[in-house]
Amino acid sequence: MDPSKAQPAKVKEPRRPTFACYLAPSQYGPPGLYYHGQRQPKGDGDPAPFDVWICSPIECLAATHDERGDNHGLLLRFKSPYGPWRQWAMPLRLLKGSGEEMRGELLDMGIRINPDGFKPLHRWASQCRPDEVVVAATRVGWHRVEEALVFVMPWRTIAQGELARRITFQSEVAGQDEYATAGNLESWRHAIGRLCSGNPLMVLAVSTALAGPLLHLCHRQTAGIHLVGDSSNGKTTLLEVAAAALSDTALVLDEIGEADGKEIGATVYALGNGTGKARANRNGTARRPHRWRIAVLSSGERTLAAHMSEAGKHPHAGQAVRLLDIPAKRAHGAFDLLHHLADGRAFADHLKSEVTRHHGHLGPAFIERLVAEERDLASEVDRFAQVDGFATSRPLQGRAAKVLALIGLAGELATEYGLTGWHEGEAMAAAIEALHAWAAGQGGVRSEHEQILANVSGFIERHGDARFSSVESDPAHTPTVYNRAGWWRDDAEGRTYLFSGEGLAEALGGFDVKRGTEALEVAGWIVERDAGARSVRVRINGSRRRVYAIRPAETEEGAA
């Protein structure tokens with residue numbers, strides 16, 4: 001029965017002044033938050049009580065703040081006249097001024113607010129002092145609470161035991177329609193998952209979406225593929241199938257070629273680095289840059305390199321391994337096995353229809369299993385990257401192999417957990433096939449990049465002892481270094497070579513310093529730098545010198 005239509009219940013007279021929330025009609029009026037006040041008469045009479053309905057029912061469950069003790073807020077629970085109870089972790093900053101931003105979000109979610117209740121609602125929220133405190137996550141993804149990993153989504157927290165109650169998602173925007181669900185996991189597996197089987201690109205696309213939650217567990221920032229194929233061949237359908245699998249840690253970009261070719265390269269780098277630009281607050285102090293770990297799945301009619309070249313930009317190897325160009329030309333458009341459908345177009349149309357009815361369940365179910373996973377998944381990626389089909393001695397191809405091994409592992413884990421309906425080994429086979437297709441399409445960009453790394457590595461092997469010395473050595477008590485190329489410094493991560501500008505120019509073997517440092521940065525060999533530069537100033541023997549901090553041991557770890 002609708003509480004607003006129930007017979008008013010007699011509730012206990014409150015101590016005034018106070019706020020009170022009633023979930024059913026009472027002698028004061030309809031359900032909602034009330035302010036019970038009293039007016040002092042002009043004479044000597046008794047105070048006159050008064051009651052103001054402020055808004056629909058709303059309660060404050062807990063105070064919130066992030067892991068650093070910042071971003072304080074309130075966890076609110078409320079109910080519109082026509083919908084179920086909802087929760088929102090509201091940042092306290094929305095109470096600034098008149099609280100108009102808070103009211104706007106509540107109104108969007110169906111809360112009714114008395115036009116005369118604006119100030120009382122603002123005062124109620126400002127005075128809330130709940131006993132319980134929960135951690136407020138301001139980004140979707142993995143967080144550590146009490147030495148355990150939890151995965152926060154806007155509408156739920158996935159964790160083992162009671163930890164899910166200790167952390168919630170907090171955002172200035174309360175509505176999260178992009179995380180909607182339809183159907184259930186079993187219906188997805190039957191209507192979509194089983195149709196992926198026998199279609200390597202479909203398996204690869206879904207596995208890429210599932211790879212997002214694995215990134216943190218495998219110590220990587222991104223994994224991405226770019227499906228390249230003719231218009232209307234089914235590429236977009238692959239993206240829709242993947243997005244239906246998981247929509248919170250996968251960035252799906254349809255027809256990326258419509259973007260400005262001059263900006264694509266920088267965008268690919270930014271996605272791979274996982275860190276936004278540092279900016280200043282209004283008061284001039286530094287604001288923490290946005291950070292992310294994300295799986296990227298895009299499509300287009302041309303490779304990223306071709307699109308950049310048209311815009312006059314020279315593509316570099318780092319972009320090629322951050323977002324892998326995978327041909328999407330199969331037996332029937334982007335598909336191989338049509339199951340019970342007549343042709344590729346009919347198959348794509350059927351999938352598009354099914355995706356609208358079954359989505360949003362596979363990803364959370366996958367994460368529920370990951371929070372209990374005890375295996376070292378980073379080691380699993382390394383192990384798969386060395387199996388037949390992935391193993392290679394070429395550094396950049398090795399990086400691509402690790403990206404696709406991680407994607408394949410995501411699909412294999414989901415299959416092992418009983419979530420996909422695929423055959424064992426099908427996801428990894430699709431990843432290996434994708435690697436071979438990517439490698440076949442690579443040319444000069446790859447060899448130029450690898451040649452730069454080989455030149456620097458060879459220079460260090462030949463001259464690392466003779467033309468470098470420790471930054472901590474005393475020149476008066478160590479042999480003279482002739483034709484010095486730089487210095488070295490040891491720490492827990494290994495030996496870093498601090499090249500002088502002249503030394504690096506020689507080590508690059510004919511490549512200019514700008515192009516060389518681009519390749520070194522992409523490979524992850526530049527391990528220290530000043531803002532806006534690829535070099536760094538360090539103090540050596542009493543004077544400050546600008547050097548390039550290079551650690552070649554990162555070759556196989558150049559994950560991006």
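Two strands count as paired here if DSSP finds at least two bridges between them. In this predicted model, strand β4 (residues 58–65) clears that bar with β7 (residues 133–137): three bridges join them, and the pairing is parallel. One spot to look at is Ala63, which stands opposite Val133 in β7.

That pairing belongs to an open sheet of five strands, laid out in the order β6-β5-β4-β7-β11 with mixed pairing. At the edges sit β6 (85–91) and β11 (167–169), each of which pairs on one side only. From neighbour to neighbour, the strands of this sheet are turned by 40 degrees on average, direction ignored. Strand β7 also runs parallel to β11, again with three bridges between them, and here Ala137 has Phe169 of β11 as its bridge partner. Four of the five residues of β7 are buried, so this strand is largely enclosed by the rest of the structure. Helix α1 (residues 100–108) lies across β4, β5 (73–79) and β6, and runs at about 160 degrees to β6. As for side chains, in a regular strand they alternate between the two faces of the sheet.

The loop between β4 and β5 holds His72. With a relative accessible area of 41%, His72 is partly exposed. Setting aside neighbours within four places in sequence, the contacts of His72 are Thr64, His65, Pro91, Leu92 and Gln170. Pro91 is 19 residues away from His72 in sequence, yet the two C-alpha atoms are 6.0 Å apart in space. Pro91 is also where the edge strand β6 (85–91) ends.

A second open sheet has three strands in the order β8-β9-β10, and its pairing is antiparallel. Its edge strands are β8 (141–145) and β10 (156–158), each pairing on one side only. The twist from one strand to the next averages 35 degrees. Strand β9 (residues 148–153) meets β10 in the antiparallel sense over three bridges, with Val152 standing opposite Thr157 in β10. This sheet has a helix across it too: α11 (residues 362–370) lies over β8, β9 and β10, at about 40 degrees to β10.

Away from the sheets, Met202 makes a handy landmark. Met202 is found in helix α4 (residues 200–211) and, at 1% relative accessibility, counts as buried. Not counting residues up to four places away in sequence, Met202 touches Leu195, Cys196, Leu238, Val241, Phe335, Phe347 and Leu351. Of these contacts, Phe335 is 133 residues from Met202 along the chain, while their C-alpha atoms are separated by 7.6 Å.

Aromatic rings come next. A search of the whole structure turns up twelve aromatic pairs. One of them joins Phe459 and Phe468, whose ring centres are 6.4 Å apart and whose planes make an angle of 80 degrees, an edge-to-face arrangement. Edge-to-face applies because the planes are over 60 degrees apart. Both partners are buried: Phe459 has a relative accessible area of 2%, and Phe468 has a relative accessibility of 2%. The pair is also part of something wider, since ring pairs link Phe459, Phe468, Tyr497 and Phe499 into a cluster.

Arginines also show up over ring faces. Arg39 lies over the face of Phe50, at 4.1 Å from the ring centre. Arg77 does likewise with Trp85, at 3.7 Å from the ring centre. Arg77 falls within β5 (73–79), and Trp85 opens the edge strand β6 (85–91).

That leaves the cysteines. The disulfide count comes to zero. Cys21, for example, is in no disulfide, and the nearest cysteine sulfur, that of Cys55, is 7.5 Å away. Cys21 is partly exposed, at 25% relative accessibility. What about Cys60, and how far is its sulfur from the closest cysteine sulfur? The closest one is in Cys128, at 4.2 Å, too far for a bond. The cut-off settles the matter, because a disulfide needs sulfur atoms within 2.5 Å.

Definitions and conventions:
Residues numbered from 1 in each chain as written. Predicted model: local features only at pLDDT ≥ 70, side-chain atom pairs only at ≥ 80, totals over all residues. Heavy atoms only, no water. Phe/Tyr/Trp six-rings, centres within 6.5 Å; stacked < 30°, edge-to-face > 60°. Buried < 20%, exposed > 50% of the residue type's maximum accessible area, 1.4 Å probe, protein only. Lys NZ or Arg CZ within 6 Å of the ring centre and 35° of its normal. Helix = DSSP H or I, 4+ residues; strand = E, 2+ residues; numbered from the N terminus. Axes fitted to C-alpha atoms, helices over the stretch in contact; angles between N-to-C directions. Contact = heavy atoms within 4.5 Å.
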